[in-house]
Amino acid sequence: MMQGNRYLEENEHTLRMKLQNIVVGRDKELEAIKMQFDHVLEGQSALTIVAGDIGIGKTALVKTALADLSKLNGTCVYGKFEQYKDEEPYIAIIQIIENIANHMLTLPEEKLDRIRKTLIKELGKDAALIIDIVPQTERIIGKLSKIKLNDYQKLKIRLEKSLQIFIKFAAKELYPLILFIDDLQWVDKPSWDIIKSINDTLSELELYIILAYRNNLEDYRTRMQFMQNELTNNVHRVEIELGDIFYRYYNSTFIELQKYNFKRR
Ligand SMILES: Nc1ncnc2c1ncn2[C@@H]1O[C@H](COP(=O)(O)OP(=O)(O)OP(=O)(O)O)[C@@H](O)[C@H]1O
Ligand SMILES: [Mg+2]
């Protein structure tokens, strides 16, 4: 009896895991997200922005696309912003850097060694600023002495510059790299400055950025519209607004039924 229950539970778990990667009724959107990746394979950059209501399926859609793209050798990294975390900036950026570091740590020792040397050369002693906010990176960069600086504004500028260098470097080393930044409606200002600065240099990179945000509140819509307008560059850009799938299903079923009735008459 116990055994049987466990069997059922395990199967249910596997099934649930499988279902997590299935989205229904979003074929066109999935295709659009995946097609953008082709530009990166051709040596360019791409930006995809997904918007929609709470729970409409933004995260599920992008994660499903990413599962397919990782089969095509894409390196996918994920970070999401949180509500009411203004006092803790860079949440999603830290996750992204952590993810990148984990990917780098799987590389062969020789390559990792080269990465370490290049990073130290490009970042200088400011590499310590990255280690400070993402301790995981110490395993790549190595131990460095802490930077003592009381001027917050100067520190912020140097940190931003370093994070930007790190991500640009990762785009080269982990090519083809895909950054998925979720729940952008809760982005903090310092993080947005970083996302913007990476976006500004996208045309010199080979990188795929996917952004997703909720647009259910006027407040979010206004903020996101303003921010989207700041993302000016001429990379391949696709904007997707997710609507209700049930309505679309209902509609197409209705049309099918009409055709069927028409034939019968
Ligand atoms: N097209 C779909 N097919 C199957 N399941 C879906 C689909 N869209 C969403 N879901 C399921 O609905 C739930 C909510 O989806 P998801 O978390 O992706 O929404 P979201 O738009 O990211 O919401 P939020 O605004 O809260 O971040 C999840 O359990 C997800 O698996
Ligand atoms: Mg989501």
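**Exercise 1. Find the residue of E4 that Leu47 faces, and describe the strand pairing around this position.**

Leu47 stands opposite Ile209 in E4, where strands are DSSP runs of type E with at least two residues, and helices are runs of H or I with at least four, both numbered from the N terminus. Before going further, note that this is a predicted model, in which local features need pLDDT of at least 70 and side-chain atom pairs count only at pLDDT 80 or more, while totals for chains, interfaces and linings use all residues. Residues are numbered from 1 along each chain as its sequence is written, and chains are lettered from A and ligands numbered from 1 in the order in which they are written.

The next step is the strand pair itself: strand E1 (residues 46–52) and strand E4 (residues 207–214) run parallel and are joined by 7 bridges, two strands being counted as paired if DSSP finds at least two bridges between them.

**Exercise 2. Place the strands in the sheet and identify its edges.**

The 5 strands form an open sheet with parallel pairing, in the order E2-E3-E4-E1-E5. Strand E2 (75–80) and strand E5 (236–242) each have a single partner strand and stand at the edges, so one side of each is left without a neighbour in the sheet. From one strand to the next, the twist averages 15°, with axes fitted as lines to C-alpha atoms (for helices over the stretch in contact) and angles running from 0 to 180 degrees between N-to-C directions.

**Exercise 3. Follow Ile178 to its partners on either strand, and decide whether E3 is buried or exposed.**

Start with E2, which pairs with E3 in the parallel sense over 6 bridges; here Cys76 stands opposite Ile178. E3 also pairs with E4 in the parallel sense, over 5 bridges, and in E4 the bridge partner of Ile178 is Tyr208.

For burial, a residue counts as buried if 20 or more other C-beta atoms, placed from the backbone, lie within 10 Å of its own, as exposed if 12 or fewer do, and as partly exposed in between. By this test E3 is mostly covered, with 6 of its 6 residues buried: Leu177, Leu179 and Ile181 point one way, and Ile178, Phe180 and Asp182 the other way.

**Exercise 4. Judge where confidence in the model is highest and lowest.**

The protein averages a pLDDT of 88, and 85% of the residues score at least 70, pLDDT being the predictor's confidence in each residue, from 0 to 100. Confidence is highest in strand E3 (residues 177–182), at a mean of 98, and lowest in helix H11 (residues 245–264), at 56.
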